[in-house]
Amino acid sequence: MSKFPPKPGPISAKPLSLLLDGVFAEAYAKQGFAARELVTRWAQIAGPEIAAHAEPLKMQWPRPVEGQPQEPATLVLRVEGPMALEIQHSADVILERVNRFFGWSAVGKLAFRQAPLSRPRARKRPGPPDAQSVAKVAESLGDIEDEQLKTALAQLGAAIKRN
């Protein structure tokens, strides 16, 4: 017997995306998406102009009829109200891009639901802190010889206190 404990094995940290893959796959499958990449890569697939005003909501697959080939799905898009007509005019382009992504004619038609998009709103960045609060923080810093460092620390401190 050895006096030392056994060496630990290699750490096998796994990316969070791999651990949650099954959870998300099930949620996307309930909405008819065979591949979640249609949702996660929508801006690349549809193009930034279309993705800014529309997003995939679900895919509706018709029930298969025995002995006949599978009919293509209907892609349901959530579209912002004022742009619905414009997006509808781009339906052929959207169908072409989506089917090119899948590599086969998976989607045969589009359906639209007018509603606000579910994407998170971009947060407005606050401006730099005012000079008075920066000066107040600079006084509390004490003796710092490097003036650039002192100014940077004062601006950082004022920004943190503001938030």
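Here is a chat about how a few labels in this predicted model are earned.

Mentor: Quick ground rules: in this predicted model local features need pLDDT of at least 70, side-chain atom pairs count only at pLDDT 80 or more, and totals for chains, interfaces and linings use all residues. Residues are numbered from 1 along each chain as its sequence is written, and side-chain values use heavy atoms, with hydrogens and water left out.

Trainee: Why is Leu-110 called buried?

Mentor: Buried means under 20% relative accessible area, exposed over 50%, and partly exposed in between, using a 1.4 Å probe and protein chains only. Leu-110 has 15% relative accessibility, so it counts as buried. Leu-110 sits in strand β3, and strands (E, at least two residues) and helices (H or I, at least four) are DSSP runs, numbered from the N terminus.

Trainee: What does Leu-110 touch?

Mentor: Contact means heavy atoms within 4.5 Å. Leaving out residues up to four places away in sequence, Leu-110 touches Thr-74, Leu-75, Leu-77, Ala-91, Ile-94 and Leu-95. Leu-75 is 35 residues from Leu-110 in sequence, yet 4.9 Å away in space, C-alpha to C-alpha.

Trainee: How do you know that β2 and β3 pair?

Mentor: Two strands pair if DSSP finds at least two bridges between them. Strand β2 (residues 73-79) and β3 have seven bridges, in the parallel sense, so by the definition they pair. The open sheet has three strands in the order β1-β2-β3, with mixed pairing. Its edge strands are β1 (54-60) and β3 (107-114), since each pairs on one side only.

Trainee: What makes Glu-55 and Arg-78 a salt bridge?

Mentor: The rule is a side-chain nitrogen of Lys or Arg within 4 Å of a carboxyl oxygen of Asp or Glu. For Glu-55 and Arg-78 the N to O distance is 2.9 Å, so the pair qualifies by that definition. Glu-55 is in strand β1 and Arg-78 in strand β2, 23 residues apart, so by their place in the chain the pair links distant parts. Both Glu-55 and Arg-78 are buried.

Trainee: Which other side chains meet in a salt bridge, at 3.4 Å?

Mentor: Glu-96 and Arg-100, N to O. Both lie in helix α7, four residues apart, about one turn of the helix. Glu-96 and Arg-100 are both exposed. A search of the whole structure finds two salt bridges.

Trainee: Why is Leu-153 called partly exposed?

Mentor: Leu-153 is at 35% relative accessibility, which falls between the two cut-offs, so it counts as partly exposed. Leu-153 lies in helix α9 (residues 147-162).
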